Every structure is written in C-alpha cells, then in structure tokens.
Amino acid sequence: MLKLFQPAPPIERLPNEQIDSEYKKHRIQVFIGIFIGYAAYYLLRKNFSLAMPYLTDQGFSKGELGLALSAVSIAYGISKFVMGTVSDRSNSRIFLPAGLILSAIICLLMGFVPFFTSSIAIMFIMLFINGWFQGMGWPPSGRVLVHWFSVSERGGKTAIWNVAHNVGGGIMAPIAVGGASLFAIILGTHSNGYEGVFILPALVAIVIALISYILIRDTPQSVGLPSIEEYRNDYPSKEKKTFETELTTKEILFKYVLNNKWVWAIAIANIFVYFVRYGVLDWAPTYLSEEKGFNMDKSSVAYFLFEWAGIPGTLLCGYISDKLFKGRRGPAGFVFMLGVLIAVLVYWFNPPGNPMIDMISLIAIGFLIYGPVMLIGLQALDFVPKKAAGTAAGLTGLFGYLGGTVTANALMGYIVDYAGWNAGFILLTASCVLAAIVFAITWNVRGQEVVKH
Ligand SMILES: O=P(O)(O)OC[C@H](O)CO
C-alpha cells in the first residue's frame with residue numbers, strides 16, 4: 001500500500017491536563033470533517049441525473065442514459081466493499097479527501113472535455129470510475145466514527161453523521177442547476193450549459209475535500225490521546241478489552257467479517273432496504289405523473305420532500321435505538337420497516353385525485369426508510385472490531401447496491417413495463433416485510449457483544 005495512505009502512527013501521549021480539552025476539540029473537528037466530506041461525496045454521486053435532460057437534448061435516449069447511470073451504482077456497490085477493506089488499513093485523513101478529489105477529477109473531465117460525454121460507452125466508463133472513487137467515502141467515515149466515539153454514544157452520533165448524505169443529496173440539485181445556468185451564460189450559443197452540472201459541484205467538492213483534510217485525524221492515538229474507550233470509560237466488553245492493533249486484510253475478512261452471521265444478516269436486509277429506498281425514490285416522478293396525474297413540478301417537490309424528511313426520521317431512529325431499545329438496533333429497524341410498509345400501501349392504494357395523501361405517504365416513506373438505512377451501517381460498525389469497520393459496512397453496501405439499487409432501477413422498470421405498477425408495488429411490499437423479518441432476527445443483538453475476540 002502507498003506509504004501516504006498508511007494508518008497514522010501513534011505519537012507520544014499528551015500530558016494528562018491536556019487530554020480532555022484536546023479530545024473535545026478533536027471530536028468536534030473530526031466529526032465536522034467527515035460530515036461535510038460525506039455530504040460532498042453526494043454532490044458528485046447524483047449530479048449525472050441532472051445532466052440527463054440536457055444530454056437528451058443532444059440526442060441520447062433515456063434508456064441509454066439510464067444504462068450509463070447504472071454504472072455508478074454497480075461500481076459504487078463493489079467499491080464500497082473493496083475500498084472498505086483498503087480503508088480499514090488506511091489513514092482516513094488522506095483516504096476520504098483523496099477519493100473525493102479523484103471523483104471530482106472525473107466530473108471535471110466530463111464537464112471540460114466533450115470527448116468524455118460523447119458516447120454512452122464512454123460515459124458508462126467514466127461513471128463507473130466515478131462510482132469506484134465514490135466508494136472511498138463511507139468506509140473512512142465509519143473508521144473515524146468508531147475511533148472517536150464510543151459504543152454507547154455511537155447510535156446518536158452515527159445518526160447525526162448519516163444525515164450528511166441527505167444534506168449533500170439535497171443541495172446537489174441547486175448547485176448543479178446553478179452550474180448549468182452559469183455555463184449556459186458563459187458559453188452562449190455553443191452549449192446548453194450541461195458542463196456546469198459536472199464542473200460546479202466538482203469545484204465545491206474539491207474545496208470541501210481540502211477542508212476535510214484539515215479537520216480529520218485518523219485516530220486519537222495519532223494525536224497523542226488515549227483510546228476512546230479509555231477516555232470515556234466505555235468499553236465494548238466487560239473485560240474492558242479494546243482493539244488497537246491494525247489488522248491484516250486476511251484477518252479482517254476471514255476472522256471478523258465473512259464468518260460473522262450477523263454481518264451477513266444485515267447485508268441481506270440491506271438488499272430489501274435499498275430496494276425500497278431506490279424503488280420508491282427513483283420511480284416516484286414517473287409513478288406520480290403516470291398514475292396520479294402529477295405534473296413534473298409537483299413530482300419534483302415530492303422527491304425533494306422525500307429526501308429531507310429522511311433527516312428527522314434518521315435522528316429519531318438513532319435516538320430510539322439508543323434510548324428506548326438500549327443499543328439494540330433490530331427492534332428500531334423492525335418498527336420503522338413496518339411503518340414504511342403501511343406508508344407504501346397507502347401510496348399504492350390511494351386513488352388518483354388525492355395528491356395530498358400521495359404527498360404525505362411519500363414523505364412518510366422518506367421519514368421512515370432512512371432510519372433502517374442508517375441502522376444497517378451502524379450495525380455493521382457494531383458487529384466487528386473497530387479495525388474492521390469499513391469492510392463490514394462495505395459488505396452491506398455491496399449487497400444493498402448490487403442486490404437492491406440495481407434491481408430497483410432495472411428490474412422494477414421491466415416489471416412495471418410488462419406487468420404494471422401493481423406488480424412493482426407487490427415487490428416493494430414484499431421487500432418491506434423481508435427487511436422487517438431480518439431486523440427482527442437481530443432483535444436481541446446488542447452492539448459489540450457479538451464481536452469475537
Ligand atoms: O448509500 P450510501 O452508501 O451512501 O450510505 C448512505 C447512508 O450513509 C447509509 O448509512
């Protein structure tokens with residue numbers, strides 16, 4: 001591995017009187033670093049969708065562009081796992097900004113060099129590479145969370161960090177559209193401005209990557225502080241044992257992740273959770289306009305509200321799992337998935353002509369689905385030692401994106417084409433039930449109690 005990426009080595013411990021103030025300062029600093037860093041990843045994950053209407057004007061069909069778009073999810077799912085294993089053995093301070101800058105370079109190439117948007121094959125390759133670099137965001141964020149926040153506070157802190165992706169996804173559209181308007185003015189009659197959809201979010205992301213680099217520190221020990229378990233007297237096991245030795249990839253994979261039935265359980269749950277997340281979100285504008293008579297303006301408002309409703313929902317879910325269920329994530333996931341099921345049924349059976357009910361049910365799905373999305377990431381961090389956190393989360397991402405998102409995009413489209421919306425909704429309903437069942441299986445599992453020493 002490149003020396004630059006190696007985990008930051010421990011340095012001599014600071015004097016006792018400095019520990020508390022330094023810990024407090026660094027915890028705020030690293031948290032802001034991964035929050036804005038991960039939000040910025042989303043600026044470059046989804047911006048191609050906004051370039052699509054401009055690219056259709058250039059003669060590409062929706063089907064072709066949809067195919068190119070699928071490259072992001074395919075590459076992201078594989079990379080979140082593969083780069084997760086690399087990230088567990090890397091310095092988060094370098095890894096997270098590096099991935100963001102590499103992703104930005106791909107977007108800048110697509111914006112500045114017409115060749116890179118000249119055919120579907122080339123766009124597929126560029127978006128695949130972009131999706132791959134996108135996989136360098138979640139794992140180092142997870143590594144920072146587990147090294148700087150102890151087990152009993154992890155639910156709340158992970159929930160707050162997790163809304164970064166809703167914030168990033170939410171502000172991407174205005175930045176990308178602003179970029180398009182700017183470039184339409186700059187380039188005059190030469191272009192419709194689609195370049196700006198790639199360029200402006202990429203420039204913002206590069207600035208944020210630099211700020212993240214300034215703020216993030218890999219581990220407490222790398223800045224002369226004790227482990228978080230010692231600092232907060234909050235250990236994952238009664239023996240007060242903590243994991244401080246960096247592991248080999250073989251140990252991470254075969255000792256802690258691939259032979260861990262709980263990690264497999266949540267990876268499978270993630271297929272169903274992501275099928276619902278993207279099956280509802282990505283098809284909402286089409287479903288609402290075809291079946292419920294919404295115009296595009298109203299559909300885009302519904303889409304926007306779905307994302308933003310996820311923020312309070314995620315925070316509530318993290319809070320409930322910490323306080324009400326005392327660190328057990330399974331019951332919170334079960335309850336939220338039942339809520340999603342009810343909201344999906346209302347969204348499905350509400351007859352055309354009641355737009356307010358469609359809107360409310362879609363907001364309810366957004367409010368409820370992001371809690372389980374977050375809980376699966378949190379459980380992945382919970383079920384393995386902190387040196388294997390990125391890999392475990394990566395495995396859930398692999399299943400979620402390849403099994404859930406890609407099928408939600410492709411399979412859902414075909415099923416609706418051939419068998420109608422009812423068939424699509426049967427799949428969504430079944431996914432809600434299956435996700436709830438898998439969460440129920442993890443009902444009594446609490447945090448790091450299942451980690452094998
Ligand atoms: O879909 P991802 O990989 O961006 O993850 C989103 C949430 O952060 C999951 O916790």
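Modeller: In this predicted model, a residue is near the ligand if one of its heavy atoms lies within 4 Å of it. By that rule, 13 residues surround the ligand.

Biologist: Which of those residues are closest?

Modeller: The closest are Tyr38, Tyr76, Asn162, Tyr274 and Tyr401.

Biologist: What makes Asn162 a polar contact of the ligand?

Modeller: A polar contact is a pair of N or O atoms within 3.5 Å. A polar side-chain atom of Asn162 is 2.6 Å from a ligand oxygen atom, so the pair passes. Tyr42 passes too, with a polar side-chain atom 2.7 Å from an oxygen atom of the ligand, and so does Trp138 at 3.1 Å. As for cover, the protein hides 99% of the 300 Å² of accessible area that the ligand has on its own.

Biologist: Why do you say that the ligand sits in the largest cavity?

Modeller: The test is that more than half of a molecule's atoms lie within 2 Å of the cavity's grid points, and for the largest cavity the ligand meets it.

Biologist: How do you know that the ligand lies between domain 1 and domain 2?

Modeller: Domain 1 (3–225) and domain 2 (249–447) both give residues to the shell, so the ligand lies between them. Helices α1, α3, α12 and α16 each supply at least two shell residues, and α1 gives the most, with 3.

Conventions: Residues numbered from 1 in each chain as written. Predicted model: local features only at pLDDT ≥ 70, side-chain atom pairs only at ≥ 80, totals over all residues. Heavy atoms only, no water. Polar contact = N/O pair within 3.5 Å; in protein donor to acceptor, adjacent residues only side chain to side chain. Areas by Shrake-Rupley, 256 points an atom, 1.4 Å probe, with all protein chains shown as cover. 1 Å grid on protein atoms, 1.4 Å probe; cavity = no way out; pocket = protein on both sides within 12 Å on 5 of 7 lines; lining within 4 Å. Helix = DSSP H or I, 4+ residues; strand = E, 2+ residues; numbered from the N terminus. Domains from an automatic or database assignment.
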